[in-house]
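Please read the following account with the sequence and the coordinates side by side, moving from the whole chain to its parts.

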Amino acid sequence: MIEGFHHVAVICGNYARSKAFYTEVLGLSILAETHRAERDSWKLDLALPGGGQIELFSFPAPPDRPDRPEAKGLRHLAFTVADVEAVRDRLEAQGVAVEPIRTDALTGRRFTFFADPDGLPLELYER
C-alpha cells in the first residue's frame, strides 16, 4: 500500500531563522521557494539526501498547538502511493476517515489526508 516517503511539512515561527537552519546548518538544498502573497506565507521545498523532502512553511503569528489549527512544529507526514483512490478505499474499508481527494495547485498531483490514532495528520500523495 505505502510505497515510500515523500515529505515532512514543518511550520516555523521565524522563516529566516528556520531557512538558515535547514540550509546552512543541515545543508539541505533548496528545490523551490514560493511566496504566497494571499496568505502572507512562504513555502520552501528542501531536498533530503537519498530522496524525500522537507516543506518549510511560514504563516503570520502561528499559534502553538498540539493538534489543529496548523502551527509551529510537525504539520503532517506524507506517504507516496501509486493510486490515491485505491489506498483511500482500502483505509475507509478499515474504518479510517479520509478527507476528500484534492489536487495540489503547485504540482497538479492528487492527495488526501487522514489521521493516526493520536490525531497526527497523515497524507497520501500520488506519484
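Of the 127 residues of the chain, what percentage count as buried? In this model, which is predicted, the buried residues make up 36% of the 127 in the chain. The chain has a radius of gyration of 15 Å, which agrees with the value near 14 Å that a compact globule of 127 residues would have, and its C-alpha trace spans about 45 × 30 × 25 Å along the principal axes. About 7300 Å² of the chain is exposed, and carbon and sulfur atoms supply 52% of that area. Among the contacts with a separation of 6 or more, 48% come from residues that are 24 or more positions apart.

The chain contains two helices and eight strands, and, read from the N terminus on, these elements follow the order β-α-β-β-β-β-α-β-β-β. The eight strands form an open sheet of mixed pairing, in which the order is β2-β3-β4-β1-β5-β8-β7-β6. At the edges stand β2 and β6 (102–103), each with a single partner strand, so one side of each has no neighbour in the sheet. As a general point, the strands of a sheet pair through backbone hydrogen bonds, and they do so either parallel or antiparallel.

A useful place to enter the sheet is strand β3, which covers residues 41–47. Five of the seven residues of β3 are buried, so the strand is largely enclosed by the rest of the structure. Strand β2 (residues 29–36) is joined to β3 by seven bridges, and the two run antiparallel; within this pairing, E33 has L44 of β3 as its bridge partner. The hairpin of β2 and β3 has four residues between the strands, and D40 takes a positive phi near 50° there. Strand β4 (residues 53–58) is joined to β3 by five bridges, again in an antiparallel arrangement, with Q53 of β4 as the bridge partner of A47. The hairpin that β3 and β4 form has five residues between the strands, and G50 in its turn has a positive phi of about 85°.

Two residues of β3 show what surrounds this strand. L46, which lies in β3, has a relative accessible area of 0% and is buried. Leaving aside neighbours within four places in sequence, the residues in contact with L46 include Y22, L28, I30 and L31, as well as G52, Q53 and I54. K43 is also found in β3, and, because the limit for a buried residue is under 20% relative accessible area, K43 counts as buried at 9%. The side chain of K43 makes a polar contact of 2.6 Å with the side chain of D45. When residues up to four places away in sequence are not counted, K43 touches A32, E33, T34 and R36, together with E55, L56, F57 and L106.

Further along the sheet, strand β1 (residues 4–12) contains V10, a residue that counts as buried at 15% relative accessibility. Not counting residues up to four places away in sequence, V10 touches Y22, I54, E55, L56, F57, G73 and R75. Six bridges join β1 to β5, and these strands run antiparallel; F5 stands opposite F79 of β5 in the pairing.

The remaining stop is helix α2 (residues 84–93), whose buried residues are V84, V87 and L91. Their directions cover an arc of only 70° around the axis, which puts them on the same side of α2. In general, an α-helix has 3.6 residues a turn, so residues three or four places apart point the same way. The cover over the buried residues of α2 includes β5 (73–81), β7 (110–115) and β8 (121–126). At the N-terminal end of α2, D83 acts as a cap, with a side-chain oxygen 3.0 Å from the backbone nitrogen of E85, while the helix is followed by G95, whose phi is positive, near 85°.

Two distances help to place these regions relative to one another. The C-alpha atoms of L46 and A86, which are 40 residues apart along the chain, are separated by 29 Å. The C-alpha atoms of V10 and Q94 are separated by 29 Å, with their positions 84 residues apart along the chain.

Terms used. Residues are numbered from 1 along each chain as its sequence is written. This is a predicted model: local features need pLDDT of at least 70, side-chain atom pairs count only at pLDDT 80 or more; totals for chains, interfaces and linings use all residues. Side-chain values use heavy atoms; hydrogens and water are left out. Buried means under 20% relative accessible area, exposed over 50%, partly exposed in between (1.4 Å probe, protein chains only). The arc is that of the directions from the helix axis to the C-beta atoms. Contact means heavy atoms within 4.5 Å. A polar contact is a pair of N or O atoms within 3.5 Å; within protein, one must be able to donate a hydrogen and the other to accept it, and residues adjacent in sequence count only if both atoms are side-chain atoms. Two strands pair if DSSP finds at least two bridges between them. The radius of gyration is taken over C-alpha atoms; the globule rule is 2.2 Å times the number of residues to the power 0.38. Accessible areas come from the Shrake-Rupley method with a 1.4 Å probe; for residues, only the protein chains shown count as cover.
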